[in-house]
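Here's a quick briefing to read with the model open beside you. It goes through helix packing, enclosed and open spaces, and a couple of single residues.

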Amino acid sequence: MLKKRFYITTPIYYPSGNPHIGHAYCTTLCDVFARYKRMRHFECYFLTGTDEHGLKIEKNAEKAGLTPQEYVDNITNVFTKLWSAMKISNDDFIRTTQERHITTVQNIFSKMLENDDIYLGKYEGWYCTPCESFWTETQVGENHLCPDCGRPVEKATEESYFFKTQKYLPELLKWYDNDKVITPINRKNEMLNTFIKPGLDDLCVSRTSFSWGVQIRENNKHVAYVWLDALCNYLSALGYGADHDELYQKFWKSEESEIIHVIGADITRFHTIYWPEFLKALGLRLPDRVFVHGLLMMKDGKMSKSKGNVVSPYPLIERYGVDAIRYYLVREVVFGQDGQFTPEQFVDRVNVDLANNIGNLVSRTISMIQKYFDGVVPNFEKGVNPQDKEIEDMVLETIFQYENKLDDLHITEAFIDVMNLLGRANKYIEETAPWTLAKDETKKKNLESVMSHLAYVIFVGTKLLEPVLVEKSPIIFNALGLTKEEYDYDNLKNFNVLNNHKVNKTEILFPRLDVAKEVEYVKGLMGNNK
Ligand code: ME8
């Protein structure tokens, strides 16, 4: 069934330190998917937010001499400011300290208790505070280190509620039968081999040793385990169980909605084992896809707040513009694999792809149309020059591949195809040598065709890049003389869209960077996350 609606979520981040480029990576990916779907006239709901409860936050707040609420208010503010600076188009921002969320978690907990999915027991095990995760003896090994983050764990014993993980295991495995639900597929195998086959323990879903959490109605000594609390955000933001639940009906309940969670590899277990089980316990449908992206690493390993090796996106945005950062993130880190942030690659991407491939193509084409045709794009005619058919076919093939790849979440590859199309257009200029054609009156038709083909390829390439290049694409459309109605996605395959349009000179779209100087500058930012 072709789904017409699209619900996409980022993880809700811990406001336990300022956001870094790793968070920006995940949020940008989701933003690009959301913008792509909207561009194709899907009804889309894009959610992000912050995960504000738990022991780690409570401890951090104490250290800072603030109440937990003051502490999370401050940092959440930094997150929302960053998203607006990065032109993130989220439809909502959920905070787990909001009343709407707290009520939903309490209702969900009550429902699970009523259904006998949760029981009261005693917990003895190892706890990793930074990850807010319990581990068994075997999982932490001899050295008592957290299997996720490698930091020391602490012994914990307390009365706790437990979720019966075996009860919904058959349904979980049925969901796993579909190879698309967890992408890339090796993540699914990892879950099966590491957690499911050795035997899933019941999950501890409440804590009594601290109070900064959602209080359980039935037993006020307990707060909900922060992961149960956090995962419910995907429902609470839609108004699940509330009086006004239109969004829930539209984007979760309706089979017409495609539900996609984008997460980092560090939190796969929660999203692909416990979350689907919680949903089954509530009798709800499961997400269509959980997309696990790789992590952005630094030379000394995973970029993380506690290691202090993080890069803040702000100074990058200020110096290079938001499009450069967005493009780098989407293009450089192959979706699903870990990527390494290096200043050299960053500067290279801006120069090679943005300044040369796009910027140059646009400015050369506009100047030539002005010089040879008084700024008016000649009418499009097919197949005049020997290379024209190849260009026409390549445009249609690129659009086809782009849609298939983005619909299947292969984001990096989709944008590589678009860059290849623009690269081909640059080569087409060299091959057809318009400056030579212009000297020969009998070659006028050839020259017209080169210009109309170039203008059209720029339109298509820019439209396909629009979800990434949010600032520069309207400038390019304007340079081509297109109105908003004309540069609608539905016009993408209309070869004649630019006929007789008056072009305008643009500013320099992406200034070429001085490699040595800018590499030094970016190096200076590393480790500085203010
Ligand atoms: O885990 N590279 O929050 P969190 C790429 N609150 N992405 C990175 C990254 C890196 N170096 N570092 C972080 C939590 N991320 C929970 C989530 S969801 C119900 C609760 C991204 O602040 C990546 O998407 O630790 C990762 O999964 C997420 O931030 C974790 O953010």
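At roughly what angle do the axes of helix H1 and helix H13 cross? They cross at roughly 90 degrees, and the axes come within 9 Å. Keep in mind that this is a predicted model.

**H1 against H13**

- H1 covers residues 21–39 and H13 covers residues 322–332.
- With 65 to 115 degrees counting as roughly perpendicular, the two helices H1 and H13 are therefore roughly perpendicular to each other.
- On the H1 side, the contact is made by Ile-21, Ala-24, Tyr-25, Thr-28, Leu-29, Asp-31, Val-32 and Arg-35.
- H13 brings Arg-326, Leu-329 and Val-330 to that contact.
- Sorted by class, the residues of the H1–H13 contact come out as seven nonpolar, one polar and three charged.

**H15 against H18**

- Helix H15 spans 388–407, and helix H18 spans 444–465.
- Their axes come within 11 Å and cross at roughly 10 degrees.
- Angles under 35 degrees count as roughly parallel, so H15 is roughly parallel to H18.
- From H15, the contact takes in Asp-388, Ile-391, Glu-392, Val-395, Thr-398, Ile-399 and Tyr-402.
- From H18, the partners are Ser-449, His-453, Tyr-456, Val-457, Val-460 and Leu-464.
- Here the split is eight nonpolar, three polar and two charged residues.

**The cavity**

- Search the whole structure and you get one cavity of 30 Å³ or more.
- The largest cavity has a volume of about 30 Å³.
- Ile-358, Val-362, Leu-422, Ile-458, Gly-461, Thr-462 and Leu-465 line the largest cavity.
- Helix H14 (343–373) and H18 are the elements that give two or more residues to this lining.
- H18 has the largest share of the lining, at four residues.
- As for chemistry, the lining of the largest cavity has five nonpolar and two polar residues, and no charged ones.

**The second largest pocket**

- This pocket holds about 320 Å³ of space.
- There are 19 residues in the lining of the second largest pocket, and those nearest its centre are Thr-136, Gln-139, Asp-201, Arg-269 and Tyr-274.
- At least two lining residues come from each of these elements: strand S5 (133–135), helix H5 (137–140), helix H7 (185–196), strand S8 (203–204) and helix H11 (268–281).
- H11 gives the most to the pocket lining, with three residues.
- The pocket lining mixes classes, with 11 nonpolar, five polar and three charged residues.

**Two residues to click on**

- Glu-190 sits in H7.
- Is Glu-190 buried, exposed or partly exposed? Its relative accessible area is 31%, so Glu-190 is partly exposed, given that buried means under 20% and exposed means over 50%.
- Glu-190 and Thr-268 are 78 residues apart along the chain, and their C-alpha atoms are separated by 9.5 Å.
- Gln-387 is in the loop between H14 and H15.
- Gln-387 has 18% relative accessibility, so this residue counts as buried.
- Which residues does Gln-387 touch, leaving out those up to four places away in sequence? They are Arg-424, Tyr-428, Glu-431 and Thr-432.

Notes:
Residues are numbered from 1 along each chain as its sequence is written. This is a predicted model: local features need pLDDT of at least 70, side-chain atom pairs count only at pLDDT 80 or more; totals for chains, interfaces and linings use all residues. Side-chain values use heavy atoms; hydrogens and water are left out. On a 1 Å grid over the protein atoms alone, a cavity is a set of points where a 1.4 Å probe fits but cannot get out, and a pocket is an open set with protein on both sides within 12 Å along at least five of seven lines; lining residues have an atom within 4 Å of a point. Grid points are joined across faces, edges and corners, and a volume is the space filled by probe spheres set on the points. Ala, Val, Leu, Ile, Met, Phe, Trp, Tyr, Cys and Pro count as nonpolar, Asp, Glu, Lys and Arg as charged, and the others, Gly among them, as polar. Axes are lines fitted to C-alpha atoms, for helices over the stretch in contact, and angles run from 0 to 180 degrees between N-to-C directions. Angles under 35 degrees count as roughly parallel, over 145 as roughly antiparallel, 65 to 115 as roughly perpendicular and the rest as oblique. Contact means heavy atoms within 4.5 Å. Buried means under 20% relative accessible area, exposed over 50%, partly exposed in between (1.4 Å probe, protein chains only).
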